[in-house]
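Visitor: Please give a close account of one part of this model, namely the way its strands are arranged and what surrounds them. I should like the criterion behind each term to be stated where the term is used.

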Amino acid sequence: RIKSLHSNGWKLHWGSDGRHELFHLDEDPGEKKNLIGDVEHAARRDTLVETVNELVKRYEQDAPTIGATPEMDGATQAALEALGYLGE
């Protein structure tokens, strides 16, 4: 699994397999130079990693409601069945 974040001209890919990438898109739009281990950009990396982890944590807390199927009224169900989206 890969977590990815774009922020203020930076792009972070954080892979569950240990492969991580950090790019400064303003200076490297082709994403050729991975700055993940660059000491000069360690603070930026740490901030982005913290942000992506906070977002994932927030998503996981809200996950039971995200994508939940709302109640469908009879008219909507009939219309979707007529269009072939739902089996009868």
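Guide: β1 and β2 run antiparallel and are joined by six bridges; strands count as paired if DSSP finds at least two bridges between them. The element names follow DSSP runs numbered from the N terminus, with H or I over at least four residues for a helix and E over at least two for a strand. The model is a predicted one, in which local features need pLDDT of at least 70 and side-chain atom pairs count only at pLDDT 80 or more, whereas totals for chains, interfaces and linings use all residues. Residues are numbered from 1 along each chain as its sequence is written, and side-chain values use heavy atoms, with hydrogens and water left out.

Within the pairing of β1 and β2, Lys3 has Trp14 as its bridge partner, and His6 has Lys11. Two residues separate these strands in their hairpin, where Asn8 adopts a positive phi near 50 degrees. Asn8 is not a glycine, and most residues other than glycine have a negative phi. The side of the chain at this turn is open to solvent-sized probes in the calculation: Asn8 has a relative accessible area of 69% and is exposed, a class that begins over 50%, with buried meaning under 20% and partly exposed the range in between (1.4 Å probe, protein chains only).

On its other side, β2 pairs with β3 over five bridges, again in the antiparallel sense. Trp14, the partner of Lys3, stands opposite His20 of β3. The hairpin of β2 and β3 has four residues between the strands, and Gly18 takes a positive phi near 95 degrees there. A salt bridge joins Asp17 to Arg19, with their closest N and O atoms 2.7 Å apart; the term requires a side-chain nitrogen of Lys or Arg within 4 Å of a carboxyl oxygen of Asp or Glu. Of this pair, Asp17 is partly exposed at 49%, while Arg19 is exposed at 65% relative accessibility.

Taken together, the three strands form an open sheet in the order β1-β2-β3, with antiparallel pairing. β1 and β3 each have a single partner strand and stand at the edges, so one side of each lacks a neighbour in the sheet. On average, neighbouring strands are turned by 5 degrees against each other, direction ignored; the axes are lines fitted to C-alpha atoms (for helices over the stretch in contact), and angles run from 0 to 180 degrees between N-to-C directions.

How many of the six residues of β2 are buried? Five are, and the strand is thus described as mostly covered. Its residue Lys11 is buried at 13% relative accessibility, whereas His6 in β1 is exposed at 53%. Apart from neighbours within four places in sequence, His6 is in contact with Lys11 and Leu25, contact meaning heavy atoms within 4.5 Å. The C-alpha atoms of His6 and Leu22 are 9.9 Å apart, for residues separated by 16 in sequence.

Lys11 also takes part in a salt bridge, with Glu31 as its partner and 2.7 Å between the closest N and O atoms. The two are 20 residues apart and link distant parts of the chain, Lys11 lying in β2 and Glu31 in the loop between β3 and α1. Glu31 is partly exposed, with a relative accessible area of 27%, and has a positive phi near 55 degrees although it is a residue other than glycine.

The sheet also contributes to the largest nonpolar core, which has nine residues: Leu5, Trp10, Leu12, Leu22, Leu35, Ile36, Leu48, Val49 and Val52. Such a core is a set of buried Ala, Val, Leu, Ile, Met, Phe, Trp, Tyr and Cys residues joined through side-chain atoms within 4.5 Å. β2 (10-15) and α1 (42-62) supply at least two residues each, and α1 gives the most, with three. Val49 touches Leu12 and Trp14, residues up to four places away in sequence being left out.
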